[in-house]
Amino acid sequence: MKINIHNTKFLLSAVNKNQFPKDNLPEVVFVGRSNVGKSSILNALLNRKNLAYVGSTPGKTQQINFFNIDNKLYFVDLPGYSFSVMGKEKSQKISKSIDSYLTTRENISLVIMLVDIRHKPSNDDKLMYDYLINSNLNFIIVPTKADKVAITKIPDYCKVIQDELNCPPEVDIIPISSTKKNNLETIWQAILETLPED
Ligand SMILES: Nc1nc2c(ncn2[C@@H]2O[C@H](COP(=O)(O)OP(=O)(O)O)[C@@H](O)[C@H]2O)c(=O)[nH]1
Ligand SMILES: [Mg+2]
């Protein structure tokens, strides 16, 4: 499939599922803690600076944002799953809107789960991973901010993440840097592989 990334527009922010787009295009979903770099990777993959708002107050954005890419797929920016979204009493549970999106949406082609390369996955990350591995969804693990560690150490950091999440080797772990634009073509490859042929 050929995709013109320059033909991208923000479509809508949804707070509940009757606001989700109804045209059934495949959806690539970005999940991860607030501040992990969801908006940044989305912008970087599309070669845009400010399509998705970077660096907003952590946890403030609770809407689900849909970006239409060339009328062929959506990028979906989910709320971060910690801070105000999770709330202390909900810390054992992925927030409702994320949960409702992931469990009911049928046109998800790929979930991109972001974790900060420098940190061991949090409990919330583990809950998200366990949800994904036990679902039928396609997903990849993407350690972000790889520019913040020494290049030679990147595989070691990925190994820590793999071990902590208890990932089998067939789960793809693809470290990236949105600021340095490293490895973004590998992410695009993973996205394209899950899209229907045409
Ligand atoms: N050094 C570095 N900083 C990053 C990278 N990705 C995101 N950031 C920074 O991390 C902060 C949070 O990024 P953002 O995309 O808003 O995270 P979100 O809350 O998950 O959407 C911002 O200050 C970004 O500039 C990266 O690859 N490298
Ligand atoms: Mg964001």
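How many of the eight residues of helix H1 are buried? Select residues 38-45 of this predicted model, and the helix proves to be mostly covered, with seven of its eight residues buried. The buried ones are Lys38, Ser39, Ile41, Leu42, Asn43, Ala44 and Leu45. If you then display what covers them, you will find, among other elements, the strands E2 (27-31), E3 (64-69), E4 (73-77), E5 (108-116) and E6 (139-144), together with helix H6 (184-194). Before leaving this region, select Asn47, which follows H1 and has a positive phi, near 55°.

Strand E2 leads to the next stop, since Glu27 lies in it. Show the side chains of Glu27 and Arg105, which meet in a salt bridge at 2.8 Å, N to O; both residues are buried. Arg105 sits in the loop between helix H3 (96-104) and E5, so the pair ties together parts that are 78 residues apart in sequence. This is one of six salt bridges found in the whole structure.

For another of the salt bridges, select Asp70 and Lys72, whose side chains meet at 3.1 Å, N to O. Asp70 counts as buried at 12% relative accessibility, whereas Lys72, at 25%, counts as partly exposed.

Next, select Lys120 and Glu164, which form a salt bridge whose closest N and O atoms are 3.8 Å apart. Lys120 belongs to the loop between E5 and H4 and Glu164 to helix H5 (residues 154-165), so that distant parts of the chain, 44 residues apart, are linked. Lys120 is exposed at 57% relative accessibility, while Glu164 is partly exposed at 29%. Adding Lys126 to the selection completes a network in which salt bridges with shared partners join Lys120, Lys126 and Glu164.

Turn now to the aromatic rings, of which the structure holds eight pairs. Tyr129 and Phe139 form an edge-to-face pair, with 6.0 Å from centre to centre and 80° between the planes. Tyr129 lies in helix H4 (residues 123-133) and Phe139 in strand E6, 10 residues apart. Tyr129 is buried, with a relative accessible area of 2%, and Phe139 is buried as well, at 15%. A further selection, Phe20, Phe66, Tyr74 and Tyr101, shows a cluster linked by ring pairs.

The last stop is the second largest pocket, which holds about 210 Å³ of space. Of the 14 residues that line this pocket, select Arg33, Ser34, Val36, Asp116 and His119, which lie nearest its centre. The lining as a whole divides into four nonpolar, four polar and six charged residues.

Terms used
Residues are numbered from 1 along each chain as its sequence is written. Chains are lettered from A and ligands numbered from 1 in the order in which they are written. This is a predicted model: local features need pLDDT of at least 70, side-chain atom pairs count only at pLDDT 80 or more; totals for chains, interfaces and linings use all residues. Side-chain values use heavy atoms; hydrogens and water are left out. On a 1 Å grid over the protein atoms alone, a cavity is a set of points where a 1.4 Å probe fits but cannot get out, and a pocket is an open set with protein on both sides within 12 Å along at least five of seven lines; lining residues have an atom within 4 Å of a point. Grid points are joined across faces, edges and corners, and a volume is the space filled by probe spheres set on the points. Ala, Val, Leu, Ile, Met, Phe, Trp, Tyr, Cys and Pro count as nonpolar, Asp, Glu, Lys and Arg as charged, and the others, Gly among them, as polar. Buried means under 20% relative accessible area, exposed over 50%, partly exposed in between (1.4 Å probe, protein chains only). Helices (H or I, at least four residues) and strands (E, at least two) are DSSP runs, numbered from the N terminus. Contact means heavy atoms within 4.5 Å. Rings of Phe, Tyr and Trp (its six-membered ring) pair if their centres lie within 6.5 Å; planes under 30 degrees apart count as stacked, over 60 as edge-to-face and the rest as tilted. A salt bridge is a side-chain nitrogen of Lys or Arg within 4 Å of a carboxyl oxygen of Asp or Glu.
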